[in-house]
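Welcome to a guided walk through a protein chain. Take a moment to turn the structure around on your screen, and then read on with it beside you.

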Amino acid sequence: MPHILIVEDETIIRSALRRLLERNQYQVSEAGSVQEAQERFSIPTFDLIVSDLRLPGAPGTELIKLGQGTPVLIMTSYASLRSAVDSMKMGAVDYIAKPFDHDEMLQAVARILRDRQSTPAPLAERGNGKGNGAAEKSADSANGEIGIIGSCPPMQDLYGKIRKVAPTDSNVLIQGESGTGKELVARALHNLSRRAKAPMISVNCAAIPETLIESELFGHEKGAFTGASAGRAGLVEAADGGTLFLDEIGELPLEAQARLLRVLQEGEIRRVGSVQSQKVDVRLIAATHRDLKSLAKVGQFREDLYYRLHVIALKLPALRERGADVNEIANAFLARQSARIGRNDLKFAADAEQAIRHYSWPGNVRELENAVERAVILCESPEISAELLGIDIELGDLEDDDAFASLPSQQNGTSNTSHEPTEDLSLEDYFQHFVLEHQDHMTETELARKLGVSRKCLWERRQRLGIPRRKTGAISEG
């Protein structure tokens, strides 16, 4: 069981993080300062150190040296983002912004520990919300340096394009459905580029309120708007010398698009409220599941920005289009989840293998990862059945219904051809009803909190269910 040291001076945050990690089968020790950690523990013996940047006495970056090679994950507020990036240059393995989403923290921890062990395992990338659900593969494989599982022809074609594009500084647009692993492709492009030692800053444009997106991306000067009590660098500045990855760029407001276009055309930014520009050296990688060209035709996306982004386009296939890759990815997730709970006897039953292969996976690899994790937790025998995966076979776009004649029904013994509402479908109905009923008087943040999900998860489910976000100035996200 991995042993993690938390160094955080705020007791509430430290206790909450400890409970989160312990619930996920990690052994945890804690301290309120670098000095306390030195006095109580042998710091190099830990598998991972999670530390706040600003601590009483010495900063959290001191643990990089004291850890003697132990990876250090730095926690910081957005206001200290530049310091967080500087800490990575000092040797921190990564940073995470506070307040962090629980899934985001768990994914960062799992990824860092897997990287340290250098074993084949699924990769859930850090971002604003849940991981992208793609999977990592060992370095001796044909696509090992790219880090994605799968050998179907569309993926092999994608790997070849990544290798050609990565060494250049050309802008890249990654297209694909939600959950297909667009951020992992972006990270492969960064890791194989000359910018690999510089930061890669990932931003989900849908997860940041429209009223804050320009300030978050481009920074602001003191007094630029109500509440701007101090100047602050933006995420574009933080990516200087490295890569800026803008996920779901189709959600970027038009005003922010104009500022981004200036970055691409002139190589410079101007903070909100400033009259001076400054040069930046940033390689832009963008991703979307939307048709930007169609959006540009109706005025919802700047046409000049679209052509700036569309220098090189990479298309990620949906999981249902990847053939046998789906079973290979599922087995990688199974190995990871089994190791997490200390079981090595688990395997998929024949009906589960068949269900995995033929289900349409509308949520793509992310949905597959969640299904496997749930099945591993609930499984009481060595074999995981199709029923434990919790996927709704009736709602899958099956090309051959006969292939599922032997699958157990999820409708208490009713026929597999029945289209009566299932429990899973009723949960989606509840989500849709709740959002439509409350979105006029609640912000996206409040909706997400009430539903118990991240803002990014809320946005993704809106997209999947076709529930548009209300464009209204009556409700402030401030």
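A residue counts as buried when its relative accessible area is under 20%, as exposed when over 50%, and as partly exposed in between. Q265 is therefore partly exposed, since its relative accessible area is 39%. Please keep in mind that this is a predicted model.

**Two residues to practise on**

Where does Q265 lie? Q265 sits in helix α10. Its C-alpha atom is 9.6 Å from that of L305, although 40 residues separate Q265 and L305 along the chain. For a contrast, look at A238, which belongs to helix α9 (residues 235-238). With a relative accessible area of 3%, A238 is buried. The C-alpha atoms of A238 and L217 are 9.2 Å apart, and the two residues are 21 places from each other in the chain.

**The whole chain**

Now step back to the full view. The chain contains 19 helices and 14 strands. Of its 478 residues, 54% are buried. If you take the contacts with a separation of 6 or more, 64% of them join residues that are 24 or more positions apart.

**The cores**

The largest nonpolar core has 49 residues, and L217, V236, L244, L246 and L309 are the ones that touch the most other members. Helix α10 (residues 254-266) contributes the most to this core, with 5 residues. Another core lies apart from it, with 26 residues that include L368, V372, A375 and I384.

Which residues does L244 touch? Leaving out residues up to four places away in sequence, L244 touches I201, V203, L235, V236, A239, V282, R283, L284 and I285.

**A parallel sheet**

Strands of a sheet pair through backbone hydrogen bonds, either parallel or antiparallel. Here, 5 strands make an open sheet, in the order β7-β8-β11-β6-β12, with parallel pairing. At the edges are β7 (200-204) and β12 (312-315), each of which pairs on one side only. On average, neighbouring strands in this sheet are turned by 20° against each other, direction ignored.

Zoom in on two of these strands. β8 (residues 243-247) and β11 (residues 283-288) run parallel and are joined by 4 bridges. One place to look is F245, whose bridge partner in β11 is I285.

**A strand with buried residues on both sides**

Next, find strand β1 (residues 3-7). Why can we call β1 largely enclosed by the rest of the structure? The reason is that 5 of the 5 residues of β1 are buried. H3, L5 and V7 point one way from the strand, I4 and I6 point the other way, and all are buried. β1 pairs with β2 (residues 27-31) in the parallel sense, over 5 bridges. In β2, A31 is the bridge partner of V7.

**Two pairs of packed helices**

Two packed helices are described by the angle between their axes and the distance between the axes. The table sets out two such pairs.

| First helix | Second helix | Angle | Axis distance |
|---|---|---|---|
| α6 (residues 153-165) | α7 (residues 182-191) | about 40° | 8 Å |
| α13 (residues 325-341) | α15 (residues 364-378) | about 40° | 9 Å |

Because of this angle, α6 and α7 are oblique to each other. Their crossing is right-handed. Where they meet, L158, I162 and V165 of α6 face V185, A188 and L189 of α7 in contact.

α13 and α15 are likewise oblique to each other, and the crossing of α13 and α15 is right-handed. On the α13 side, the contact includes V326, I329, A330, F333 and L334. On the α15 side, it includes V365, L368, E369, V372 and V376. You have already met L368 and V372, since both are among the residues of the 26-residue core.

**Towards the end**

Finally, move on to helix α19 (residues 455-465). Which of its residues are buried? The buried residues of α19 are R455, K456, C457, L458, W459, E460 and R462. Just after α19 comes G466, which takes a positive phi of about 70°.

Conventions. Residues are numbered from 1 along each chain as its sequence is written. This is a predicted model: local features need pLDDT of at least 70, side-chain atom pairs count only at pLDDT 80 or more; totals for chains, interfaces and linings use all residues. Side-chain values use heavy atoms; hydrogens and water are left out. A nonpolar core is a set of buried Ala, Val, Leu, Ile, Met, Phe, Trp, Tyr and Cys residues joined through side-chain atoms within 4.5 Å. Buried means under 20% relative accessible area, exposed over 50%, partly exposed in between (1.4 Å probe, protein chains only). Helices (H or I, at least four residues) and strands (E, at least two) are DSSP runs, numbered from the N terminus. Contact means heavy atoms within 4.5 Å. Two strands pair if DSSP finds at least two bridges between them. Axes are lines fitted to C-alpha atoms, for helices over the stretch in contact, and angles run from 0 to 180 degrees between N-to-C directions. Angles under 35 degrees count as roughly parallel, over 145 as roughly antiparallel, 65 to 115 as roughly perpendicular and the rest as oblique. A crossing is left-handed if the near helix is turned anticlockwise from the far one by less than a right angle, and right-handed if clockwise.
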